[in-house]
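Visitor: I'd like a close look at one part of this model, the place where helices pack, please. Take your time, and give me the cut-offs as you go.

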Amino acid sequence: MGKFILKRLGQMVLVLIAVSVLIFAMVRITPSDPVASMTNGKNVSEETKQELRAHYNLDKSYPEQYAIWITGVFQGEFGESFTYKQDVDFLIGERIGTTLTLVLMSGLLAILIAIPVGVISAVKMNTWLDKLLSTLTLIFVASPVFLTALVLMLVFALELKWFPAIYQGNSIKEMILPAIALAMNMVALTSRITRTTMIEQLNSDYIRTATAKGLPRSRVIVTYALKNALIPIITVTSVQIGTMLVGAVLVESVFAMGGLGDLLISGIKSADYPVVQGVTLLMVTIFLVINLLVDILYAVLDPRIRMK
Amino acid sequence: MISAFTGHSPLYRSKKKKNVGKLFTPGVTVAFSVLVLILLACIFAPVIAPYDPNAQDLTQCLAKPSADHLLGCDQNGRDIFSRILYGGRTALVSALLVVAFSMVVGIPLGLISGYKGGVIDTIIMRCCDVLLSFPSLLLAFILVAGLGRNTFNAVLALGIVYVPMLTRLTRSLTLVEKNKVYVSACVSLGYSDTRIIYRHILPNCISTILVQITLDIAYAILDLASLSFLGLGTQPPQADWGAMLDEGRAVLLMNPMLSLAPGLVIVIVVVALNIFSDGLHQYLDQSQTALPNIDKYEKKMNRKLAKEGGAVDG
């Protein structure tokens with residue numbers, strides 16, 4: 001087991017190094033002058049421009065710039081933002097709480113809704129209830145997350161006034177609408193996969209045996225079928241985490257939440273390289289770490305995987 | 001076996017016809033008609049649209065839906081219905097271009113990677129691994145950050161994002177086909193690798209790829225809308241579904257139509273594409289499993305013939 005984890009950890013570090021090079025290069029594909037965004041387009045003397053370039057190491061060659069950035073990252077320093085004039089790690093630290101709370105809340109919400117919905121659809125296969133739930137999931141798969149967010153905002157915040165329309169970080173109540181908006185997409189995908197795997201499991205021999213032994217139906221469904229259906233469900237959920245991190249960017253934009261997403265988007269719009277690099281690298285790292293944890297969880301759940 | 005079979009071709013053909021009919025089940029027919037209708041409406045937008053999509057009529061700012069303006073007007077007095085028709089052109093053409101780009105790059109890479117194996121395969125696959133370690137839209141964000149914010153770059157960025165997934169799919173299909181007898185036959189006939197890959201392996205993989213492509217168009221529409229919504233894709237004043245949703249959120253309470261109407265069109269198109277792709281998948285799955293059953297039909301046919309023969313004899 002330890003060997004398995006070490007191997008995966010090594011692979012992850014290699015991928016992260018490649019990712020960091022790629023991020024660094026992609027931000028700079030087209031040569032643009034970040035000094036313009038630092039000075040907000042004001043006319044400044046050539047001397048000041050030179051000073052600014054020197055201050056942010058922009059006068060150095062690309063390999064040198066990369067080396068400076070990556071050594072900083074290992075020390076927990078992501079560089080200084082061009083526009084905020086503050087350290088990127090400070091800017092991230094201020095905002096990461098909002099984003100992580102949002103993603104965790106909606107992830108939890110999604111699983112709590114999706115698994116029962118999927119199990120019910122599978123057990124009541126081809127009845128009106130199953131068809132209704134399938135139609136609903138199809139609509140939510142097709143609805144872009146920001147549309148769901150806007151509709152929730154319009155109905156529950158602006159018309160009914162049950163929830164505030166803007167997130168200010170004062171109470172958990174403000175987080176409810178954004179969390180639901182972000183969760184719906186994942187609910188749809190996860191419940192679909194739950195339904196398919198549960199139908200497969202419910203048709204297998206061991207279920208017939210369990211039923212023939214006279215076990216109560218609820219026990220057969222939950223402790224027999226669902227337990228075996230969990231692995232595909234976990235796979236889909238873990239892949240969804242990446243989508244949710246990006247979905248959070250969109251939801252944050254709708255509810256003006258001021259999380260990592262807003263920081264990233266404003267960074268992209270103002271060519272703020274350190275901010276874009278830092279936030280992207282952080283998001284990819286979170287995504288990869290979660291995938292690693294899921295891989296380990298698999299190996300714990302299913303000994304066959306460890307042997308490979 | 002085949003020559004013996006051609007004698008009984010009518011039965012086989014009638015079976016095949018049944019399969020062809022099955023692609024257009026009621027659900028798929030509705031989905032397909034909706035898609036064609038929306039596509040036609042967008043193509044003939046200059047004829048259908050009652051107004052110029054960028055014509056401002058400041059007396060009609062945020063007008064409610066009426067006979068003059070079917071869906072009302074936006075904050076600049078532009079007709080929302082006309083903008084949806086023209087916006088559809090931007091959204092649908094962009095989505096098709098994204099998928100076309102990913103096909104042109106991804107399919108050859110997957111075929112080569114799967115067929116050649118070795119170092120080339122390792123290099124291509126490691127590159128895919130790195131690209132796939134980004135959540136997909138995040139990669140598009142950062143590409144747009146480097147390339148600049150406009151429709152063309154959003155299409156290019158998403159095209160690149162879609163390549164590794166298609167490469168992986170094509171590669172896995174190629175690996176299965178590679179070990180089949182007909183490939184060995186081609187090799188022993190001395191065909192070039194290029195000919196084997198494109199003339200023999202690709203046609204056998206294309207049906208599964210096609211199903212993925214129809215789904216990818218749906219994803220591309222959603223992803224492009226997300227980019228435009230964040231201001232990273234199509235820029236105003238050009239009409240685009242995602243960009244309209246962005247313009248509409250400032251006036252959500254005053255005229256919700258501005259956001260909801262393009263949103264609804266996106267949902268309809270994506271649902272229709274999903275149903276169509278699902279139908280296509282089931283249809284192609286069927287025709288694939290139908291082929292090995294030829295023996296069964298032959299047996300059945302022989303039995304039938306024997307019966308008829310017996311009847312004539314008796």
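Guide: What follows starts with one helix pair, moves to the chain contact, and then visits a few other spots.

Some housekeeping: residues are numbered from 1 along each chain as its sequence is written, while chains are lettered from A and ligands numbered from 1 in the order in which they are written. This is a predicted model, where local features need pLDDT of at least 70, side-chain atom pairs count only at pLDDT 80 or more, and totals for chains, interfaces and linings use all residues.

Now the pair itself, helix 1 and helix 12 of chain A. Helices are DSSP runs of H or I with at least four residues, strands are runs of E with at least two, and both are numbered from the N terminus. The two helices have axes 10 Å apart and pack at about 160 degrees. Those axes are lines fitted to C-alpha atoms, for helices over the stretch in contact, with angles from 0 to 180 degrees between N-to-C directions. Helix 1 and helix 12 of chain A are therefore roughly antiparallel; the cut-offs are under 35 degrees for roughly parallel, over 145 for roughly antiparallel, 65 to 115 for roughly perpendicular, and oblique for the rest. Helix 1 of chain A passes helix 12 of chain A in a right-handed crossing, where right-handed has the near helix turned clockwise from the far one by less than a right angle, and left-handed has it anticlockwise.

Who makes the contact? From helix 1 of chain A, the residues include A:Phe4, A:Arg8, A:Met12 and A:Phe24, and from helix 12 of chain A they include A:Tyr273, A:Leu281, A:Leu288 and A:Asp295. In contact means that the C-beta atoms, placed from the backbone, lie within 7 Å. By class, the helix 1 and helix 12 contact has 17 nonpolar, four polar and two charged residues. Nonpolar covers Ala, Val, Leu, Ile, Met, Phe, Trp, Tyr, Cys and Pro, charged covers Asp, Glu, Lys and Arg, and the others, Gly among them, are polar.

These helices turn up again at the chain contact, where 39 residues of chain A touch 34 residues of chain B. Among the elements giving two or more residues to chain A's side are helix 1 (2-27), helix 10 (217-254) and helix 12 (273-301) of chain A. That side has 31 nonpolar, six polar and two charged residues.

Elsewhere in chain A, A:Ile111 lies in helix 5 (residues 88-123). A:Ile111 is buried, with 20 other C-beta atoms within 10 Å; buried needs 20 or more, exposed means 12 or fewer, and partly exposed is in between, with C-beta atoms placed from the backbone. Leaving aside neighbours within four places in sequence, A:Ile111 touches A:Thr190 and A:Thr237. The C-alpha atoms of A:Ile111 and A:Thr190 are 7.5 Å apart, though 79 residues separate them along the chain. Helix 9 (residues 205-212) of chain A is hardly covered, with zero buried residues among its eight.

Over in chain B, the axes of helix 6 (residues 118-132) and helix 8 (residues 151-178) come within 9 Å and cross at roughly 135 degrees. That makes helix 6 of chain B oblique to helix 8 of chain B, and the crossing is left-handed. Contact residues include B:Ile124 and B:Cys128 of helix 6 of chain B and B:Pro164 and B:Arg168 of helix 8 of chain B.

Note on methods:
Two residues are in contact if their C-beta atoms, placed from the backbone, lie within 7 Å.
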